[in-house]
Amino acid sequence: MSTVETLITSNVWVERGEDMSTTGRLRLMRQEDGDMCVAVIDERGRVASVEFCTPLRGGGRSPRTFAALRALAQAIVEDNADVPMNDRALI
């Protein structure tokens with residue numbers, strides 16, 4: 001099984017479109033130091049973002065949240081491989 005480090009290049013956003021609009025999307029990025037950045041872009045293009053630091057090394061205080069974000073990033077890569085964003089149908 002691949003790990004996030006092998007699936008996601010540092011400093012490159014992975015992105016998945018939402019199911020309820022054609023333009024809303026979720027982006028995650030693993031920085032070189034391992035920190036995880038999350039951005040939510042709504043259908044109007046407005047962006048809200050947060051960053052979670054690597055536990056132990058980066059002073060992260062949310063190890064389970066951090067692990068879930070890494071798993072989410074991997075899931076986005078795998079979903080995009082199975083159903084590319086431009087091929088998904090809106091429900």
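**Strand order, pairing and the setting of D42**

In the predicted model, the elements of the chain follow the order α-β-β-β-β-α from the N terminus on, which amounts to two helices and four strands. The mean pLDDT of the chain is 86, and 86% of its residues reach 70 or more. Among the elements, the lowest mean pLDDT, 54, belongs to helix α1 (residues 4-7), whereas β3 has the highest, 97. Buried residues make up 30% of the 91 residues in the chain, and the surface that the chain exposes comes to about 6000 Å², of which carbon and sulfur atoms supply 54%. Of the contacts in the chain with a separation of 6 or more, 39% are accounted for by residues 24 or more positions apart.

Strand β3 (36-41) pairs with β2 and with β4. On one hand, strand β2 (residues 25-30) runs antiparallel to β3 and is joined to it by six bridges, with V40 of β3 serving as the bridge partner of L26. The two strands form a hairpin with five residues between them, and in the turn G34 has a positive phi of about 100°. On the other hand, β3 and β4 also pair in the antiparallel sense, over six bridges, and here V38 has V50 of β4 as its bridge partner. The hairpin of β3 and β4 likewise has five residues between the strands, and G45 takes a positive phi near 90°. Five of the six residues of β3 are buried, so this strand is largely enclosed by the rest of the structure.

The loop between β3 (36-41) and β4 (47-52) contains D42. With a relative accessible area of 19%, D42 counts as buried because the value lies under the 20% cut-off. The side chain of D42 makes a polar contact, at 2.6 Å, with the side chain of R46. When the neighbours of D42 within four places in sequence are left aside, the residues in contact with D42 are T23 and G24. D42 is thus placed in the loop that links β3 to β4, where its side chain has a polar contact to that of R46, while T23 and G24 provide contacts from beyond its sequence neighbours.

Notes:
Residues numbered from 1 in each chain as written. Predicted model: local features only at pLDDT ≥ 70, side-chain atom pairs only at ≥ 80, totals over all residues. Heavy atoms only, no water. Buried < 20%, exposed > 50% of the residue type's maximum accessible area, 1.4 Å probe, protein only. Polar contact = N/O pair within 3.5 Å; in protein donor to acceptor, adjacent residues only side chain to side chain. Contact = heavy atoms within 4.5 Å. pLDDT = per-residue confidence, 0-100. Pairing = 2+ DSSP bridges. Areas by Shrake-Rupley, 256 points an atom, 1.4 Å probe, with all protein chains shown as cover.
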